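Student: I have a two-chain model open. Can we go through its helix packing and burial?

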Amino acid sequence: MSQSSESSAAAQAFFVARAEAVDMLLSLRALFLVITYGALTAVAGGVANWMYIKSQEQLAAAGGEAVRMADVQAEFIKGLSSEGWVTPELGDQLASGQLPVILLFVLKTTSWLLPGLILLVGFNRISGDISTRFTRYVLQRVHRGSYLAGKVVGHWLVSLGAVMVVQAVLLGVAYGYDVFDHELVAKALPRVWLGMALFTLVFVAYTQMCAALFARPFVTLLLGLMLLVACNVATWIAGRFWEPLGKIWVGDWDTRLWMLDPMAVGVFLLYAAIFVALAQVVLRKRDL
Amino acid sequence: MRPAVELINVTKDYGRVRAVDGLSLSVPEESLYGLIGPNGAGKTTTFAMLSGFLRPTQGEVKVRGRTLTPGQPPVGLALALPQDAALPDHKRVLATLIYLARLGGMPKPEAEARSTRALQQVGLQDLADRKVSQLSHGQRRRVGIAQTLVGDDEVIMLDEPTAGLDPRTAVELGQLIKTLSVDRTIILSSHNLAEVESLCTHAAILDRGKLVMSGTMDEIKGTGGLFTVMLAKALAAPTTVQAAVSALAGVAKVEVAPNADALRVTTESTEGMDDLTNQVLRVLMDNGATVKSVERGQSLTERFMQATRGAGG
């Protein structure tokens, strides 16, 4: 077999993805993601535990009995519903224990920064190749679509892997704490991880779209972060004026995603497809 | 014979600047084709369009009969050494070659064996485990050439392959390129006219984005109807010699160099060039001249200067 013989697009994408994942692991990007996301998650978990302990202490000081976690959860969900954070239907699902409040709290607080971390570890994977023109060596052997698919899959596997490692380790650490309802968490975890797979996929695709679009690594990082913030802020403000506008960005759908609500899954899949398609169009049209 | 590479009325604009203007070229199979021109002539842009790195604004590029989708590299048809593309600094030399070979679908053992052989071909076998960041400019260039040798691609495109190399390495690389051209087509873009003249079988001269001349090296140098006799010392009676040579049948024009140490003869046809050359040499020796050498046609440098007269570069 000669180098000239064209391997299939899927085989090319697989090879690029594998090389990308290995390269990211060796360059310690995965470790950076594990450490930063791990630190954030640990802080969020610590805060949740602290709040639980404080509430117990306050109740004890007021002469009340120690409150059960299920009661705290019910109160928290009421609060979320009254503030408009979740729909009554979603509130019922939360109340039924589909997503333990402690887990929701940790996921919700860390999900603000996770997209930025995903961007940070992957912003120069394509734009770095373009700016140094290494793509001129690579893309005479691999079709642009396979190259993009490989980059997205490699980045996604590393990001999702890092998130799952952090969550697994911290769940293990949290095993001994009262705040934690192990049975509920164990049941919810597969759903959460499937949701996280989609969550990370959207922001990996977003990162690669920015990289293909802006080509210079620093510009990719800067504008990528600015656009992320702008999307969140703009849809939040728009949602204040007209509710449906607040739901056009994925930021409003993540809670439902972790319960695998079909609508939320559809929204995340749609955004992943849009970002990948845009990246593909830009990369195909781009002079290298 | 089917052309290995064809450009059909190709134009490339960068905004309002037209870098390549309606260029049509045909590169014969198994030729060593030189692409030359002054700075800004459009060589690198043409090269980048051939390699699929740039999308032509209009026109068509064919490699081995297959029309390339605009901007899509000739994957599996040709390999190129880009002029200003960097290899990743953090990777090791052999690992980089193996990675690139495997991207093209080569199995690992074959990629390893061929990459090792390619490194030997460019004389870098001792640096296989060195990081790219630790290589000199010339060594990086040679790694760039090595990556085109790993496969069996019948078309290889080398953009300024010897630029920045020391003379010895450049000569060795030239010999390697000549060897490789035996059973494949090589397109070579270069500023080094002596290198192109000594290596290439064909050439195209570009100027301001347009093709001004192309063909075999003999055609370009005009060897069919022109030869120059270089003399060891100046002629004692240049006017007499000029008149005697002009009187020979088949001679169209005779020019004597200002210091009378060379004679340029233009013939009426390409027929009987050898006989006519002998007759001219006889006239010269009869007039006491000592002949140093005879060169058919003009040098590529002369033709280049004529073809690109007035160019800025």
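Student: Is the crossing of α6(A) and α11(A) left-handed or right-handed?

Tutor: This is a predicted model, so local features need pLDDT of at least 70 and side-chain atom pairs count only at pLDDT 80 or more, while totals for chains, interfaces and linings use all residues; side-chain values use heavy atoms, with hydrogens and water left out. Residues are numbered from 1 along each chain as its sequence is written, with chains lettered from A and ligands numbered from 1 in the order in which they are written. A crossing is left-handed if the near helix is turned anticlockwise from the far one by less than a right angle, and right-handed if clockwise. For α6(A) and α11(A), the crossing is right-handed.

Student: At what angle do helix α6 and helix α11 of chain A pack?

Tutor: Helices (H or I, at least four residues) and strands (E, at least two) are DSSP runs, numbered from the N terminus. Axes are lines fitted to C-alpha atoms, for helices over the stretch in contact, and angles run from 0 to 180 degrees between N-to-C directions. Helix α6 of chain A spans residues 114-122 and helix α11 of chain A spans residues 217-241, with their axes 10 Å apart. The angle is about 165°.

Student: How are α6(A) and α11(A) oriented to each other?

Tutor: Angles under 35 degrees count as roughly parallel, over 145 as roughly antiparallel, 65 to 115 as roughly perpendicular and the rest as oblique. The two helices pack at about 165°. So α6(A) and α11(A) are roughly antiparallel.

Student: Which residues in α11(A) do P115(A), G116(A), L119(A) and L120(A) meet?

Tutor: Contact means heavy atoms within 4.5 Å. The α6(A) side offers P115(A), G116(A), L119(A) and L120(A). Their partners in α11(A) are L221(A), G224(A), L225(A) and L228(A).

Student: How do the residues of the contact of α6(A) with α11(A) divide?

Tutor: Ala, Val, Leu, Ile, Met, Phe, Trp, Tyr, Cys and Pro count as nonpolar, Asp, Glu, Lys and Arg as charged, and the others, Gly among them, as polar. The split is six nonpolar, two polar and no charged.

Student: How far apart are the axes of helix α9 and helix α10 of chain A?

Tutor: Helix α9 of chain A covers residues 144-174, and helix α10 of chain A covers residues 182-214. They pack at about 150°, which makes α9(A) roughly antiparallel to α10(A). The contact holds 17 nonpolar, seven polar and one charged residues. The axes are 9 Å apart.

Student: Which residues in α2(B) does α1(A) meet?

Tutor: Helix α1 of chain A (residues 9-26) and helix α2 of chain B (residues 93-103) pack at about 150°, with axes 10 Å apart. That makes α1(A) roughly antiparallel to α2(B). From α1(A) come Q12(A), F15(A), V16(A), R18(A) and A19(A). In α2(B) they meet Y99(B), R102(B) and L103(B).

Student: Why is helix α1 of chain B largely enclosed by the rest of the structure?

Tutor: Buried means under 20% relative accessible area, exposed over 50%, partly exposed in between (1.4 Å probe, protein chains only). The buried residues of α1(B) include K43(B), F47(B) and L50(B). Helix α1 of chain B (residues 43-50) is largely enclosed because seven of its eight residues are buried.

Student: What arc do the buried residues of α10(B) cover?

Tutor: The buried residues of helix α10 of chain B (residues 300-307) are L300(B), R303(B) and F304(B). They sit on the same side of α10(B), because the arc around the axis, taken from the directions to the C-beta atoms, is only 100°.

Student: Is A260(B) buried or exposed?

Tutor: A260(B) lies in the loop between β12 (251-256) and β13 (262-267) of chain B. Its phi is near 60°, a positive value in a residue other than glycine. With a relative accessible area of 8%, A260(B) is buried.

Student: Where is N9(B)?

Tutor: N9(B) is not a glycine, yet its phi is positive, about 50°. N9(B) is partly exposed, with a relative accessible area of 41%. Its place is in strand β1 (residues 3-14) of chain B.
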